[in-house]
Amino acid sequence: MPSVHQGNFSNRQTQFSVRRQKIIQQRKSLPIASVEKRLVEEVRKNDVLIIVGETGSGKTTQIPQFLFDAGFCRDGRVIGITQPRRVAAVTVAKRVAEECGVELGQKVAYSVRFDDATSGLTRIKYMTDGLLLREALLDPYLSKYSVIIVDEAHERTVHTDVLMGLLKSVQLARSSSVSGGQGLNLGNKNVNVTLEKENDQSGSVRKKPRHEKFAPLKLIIMSASLDARAFSEYFAGAKAVHIQGRQFPVDIFYTLHAETDYLDASLITIFQIHLDEGPGDILVFLTGQEEIESVERLINEKLPQLPQENQKLLVLPIFAALPSEQQMRVFAPAPSGFRKVILATNIAETSVTIPGIKYVIDPGFVKARSYDPGKGMESLIIVPTSKSQALQRSGRAGREGPGKCFRLYPEKEFEKLEDSTMPEIKRCNLSNVILQLKALGVEDILGFDFIEKPSRAAIIKSLEQLFLLGALTDECQLSDPVGHQMARLPLDPIYSRALILASQFNCLEEMLITVALLSVESIFYSPRDKLEEARTAMKCFSSSEGDHITLINVYRASNDFLEKRSMEMSTTKCEKVYKKWCKENFINSRSLRHARDIHKQIQEHVQQMGLNLSSCGDDMLQFRRCLAASFFLNAAVKQPEGTYRALASGQVVQVHPSSVLFRKKPDCVIFNELVQTNHKYVRNLTRVDYLWLTELAPQYYAMQS
Ligand code: ADP
Ligand code: MG
C-alpha cells in the first residue's frame, strides 16, 4: 500500500538525517576541527609538513577532507593517504565516505592489495603504504596526486620507510620539472628514471622516455608519537605542528605475578570487568587471528553459563583477514543494555579509533617480524610490546572519559620494556623492497636515502637471495623477463618465483592455490579441547607427501562442495551449509574465503602476464619437484634424533605439530615458514628428494657441494 511505503520511507529519511546531524556534530567536536584553517595554511606554506597528534584527535579522517575543501583536488588531482594496515585503509575510507555523504568508491575510496575500490571519480584515496610503492612502478612521478599523506609514520613499517625515501625524490623531481629540471634522482648515482613503464605482451617491462611537466607535490607526514625529530631531520628540517588531543585519566592495573597463559588471563579479566565494573566497552589486544578466534569461541561458550541478565556481552573481532562488513561492526554502538568486547590485533593501538571504549586489556604482546641476516631467515615471533605501545594501548581507555587499563603482567616488567619498537626495516628480509627499488631504477641500494639504513649484511643477503631466485643478473640488474615479472606480482619474491616456475612445470593451477592458502593464516582450526577430533577430521584431506598437497586437497574439496550445492540451493542456504561443512571439518571458513579472493586476484595477474595456466592433475610428483625448485632456500634434512637441519642456515628446527608430517618424518623436506616460540618450528612442509635440489637449483646446491 502506498501510504505504508511512504511511511517507511519518511521514517528512514528521518533516521538518515538524524545520523547525518550526529556525524556533523561529532566532526565539529573533534580537537582538530578548531585548527582547520591554520592547518590548511601550513600545508600551503610548507612543501613538507609533519603533523603530530594524539590518537583520536581526527588526523586521519579530517585532514584529507579539509584539503579537499580547500581546493587541493582541483583539476582532478587526488589526495592519497597511506596506512600501514589494510584494515585501517578500508574502515577509515568507509567512515569518511559516510561523513562526506557519498557512496564509497566515488569521491572517497580505498585501495589495498587484492582489493581496489577506487574509480575515476576518486579524489580522497586511502591505501596501504605498500600499494603506493607499487603504484610508483607504473607511474614513477605519482603524477595524479597533489598531496600524499604518510599516516602512522611512527609505526615505521618497512614500506613506510622506503616510501618516505621515494617520496622525497619524487617531490624534488616534480618541483624541478616545473622549472625544467632533471628527472627522478634515486640513490647516490643519480639514476635517470625519467621513464614511463609500459607492459608489452611478454609481461616484461619496457621503458620509454617521457617529457612532461608536473605540478608540485605536497607531502604530509603524520604521526601519533610526540617525537617528530627524526622525520623533521630527514626532510631537511621540515616544520612540525602539534595537535592537542583530549585524554582523560586512565587507571593502570598490573597482575601480581607473571601469567603463564595470557589468553586464559584475558578471558578471566573480560568476565571480571563484565560482572564487576560499570558500563563501557572492553578492548582486548591480542597478537593475531588465531588467538582472537580462540578467545572469541571461549567467550561464546562461557556466556550461556552466566545468569540470563549477565549474558549481554557482544564479542566483535577485528583483524586484517576479516571481511570488511564485519570489520565495520566494531564501530557501531552496542545495542541497548549490551556491552561490546572488541578483540583486536594492534590495529586498534593507533590506526583505528573505536568509540565507546572504557576498559583496555593488554596482555603485553605483539606479533613481529624478525630477521637474521647471517642465516637469511625471517620469522614471525610473539614479543613483548615496547613502553610506547603499552602507553598507546592504555590511552585507548581514556578517549571519552576516565578509563581503566589492565596490563596482564607485573609492574616491574613494564620497566624492563624497550622504550620504542625498532623500525621494521632493521628486522626483516629486504628482498621484497629491494626488488621494487630495482624495478624503480635504483641501482645502488646501499646508497639509497633511507631514513634509517638497514644493515649492510641484511642488504647483501637479500641481494644474494634475489640473485639465487633468478631476479637479478650477475651485474645486479633486474633480469629479463624473470626479474621484471617478479617485480610486477604483489607477492613475496619467493612466491612470485614459484608461480613463474610452476607455469614451466605445468602445475600453475596447483601453485596458485598453494600461494593463496599460504597468504592467509591457517585454514585449519584446532580448539585446544578438541585436538583429536580436529586431527581425525583433517585425515580425509591429508597427503602423506606433506602440507602443500593437503592444502590443495582442502581447497579442491571445498570447491567441489560449493559447486554441487550452488546448483541445488539458493545462495544464502548454500552459504549456510558451506559454513556447516567447514565447521564439521575444522576448517576456518573466514580464512578459506579470504584465500579464495586472493586466488582470484593472483590468477588475474598471472593471466595478464601471459603465464601458462595449466594443471598437473593428480601428478603430484611434478608439483613437488616444482616446490623443490621454488623453495630450495628453505630445504631441511632429517637428523638422527628426529630434528631437521635447515640447509641454507644450518639451524636445527623441528616439525610443527600442526604438520601432516609431524608423525612420519621424511628424510628431506622444503618448508615455508619458520615460527619461533620456545622452539624453532617449521610449518608447511613437503617431502622432496634431496637429489632434486642439486638438479633443480644448481645455482645454489652445486656451489655448496
Ligand atoms: P586520528 O587519526 O587522529 O587517530 P581519526 O581521524 O581516526 O583520529 O578519528 C577521529 C574520530 O572519528 C575518533 O573520535 C573516532 O571515534 C571517530 N571514528 C573514526 N572512524 C570511525 C568509524 N568507522 N565509525 C565511527 N567513528 C569513527
Ligand atoms: Mg589516525
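Me: Which residues count as nonpolar, which as charged and which as polar?
Reply: Ala, Val, Leu, Ile, Met, Phe, Trp, Tyr, Cys and Pro count as nonpolar, Asp, Glu, Lys and Arg as charged, and the others, Gly among them, as polar. In this predicted model, the shell around ligand 1 sorts by these classes into ten polar, three nonpolar and two charged residues.

Me: What makes a residue part of the surroundings of ligand 1, and which come nearest?
Reply: The C-beta atom, placed from the backbone, has to lie within 6 Å of the molecule. There are 15 residues around ligand 1, and K59, T60, T61, R95 and F331 come nearest.

Me: Which elements give two or more residues to this shell?
Reply: They are α3 (59–69) and α4 (86–100). The largest share, four residues, comes from α3.

Me: How do you know that β13 and β20 pair?
Reply: Two strands pair if DSSP finds at least two bridges between them. β13 and β20 (residues 403–407) have five bridges, in the parallel sense, so they count as paired. One of the partners is G403 in β20, bridged to V250.

Me: Why are β13 and β15 called edge strands?
Reply: In the open sheet of six strands, the order is β13-β20-β17-β14-β16-β15. β13 (250–254) and β15 (313–318) each pair on one side only. From one strand to the next, the twist averages 20°.

Me: Where does helix α9 lie?
Reply: Helix α9 (residues 289–302) lies across β15 and β16 (339–344), and runs at about 170° to β15. Angles run from 0 to 180 degrees between N-to-C directions, so this value belongs to nearly opposite directions.

Key: Residues numbered from 1 in each chain as written. Chains lettered and ligands numbered in written order. Predicted model: local features only at pLDDT ≥ 70, side-chain atom pairs only at ≥ 80, totals over all residues. Contact = placed C-beta atoms within 7 Å.
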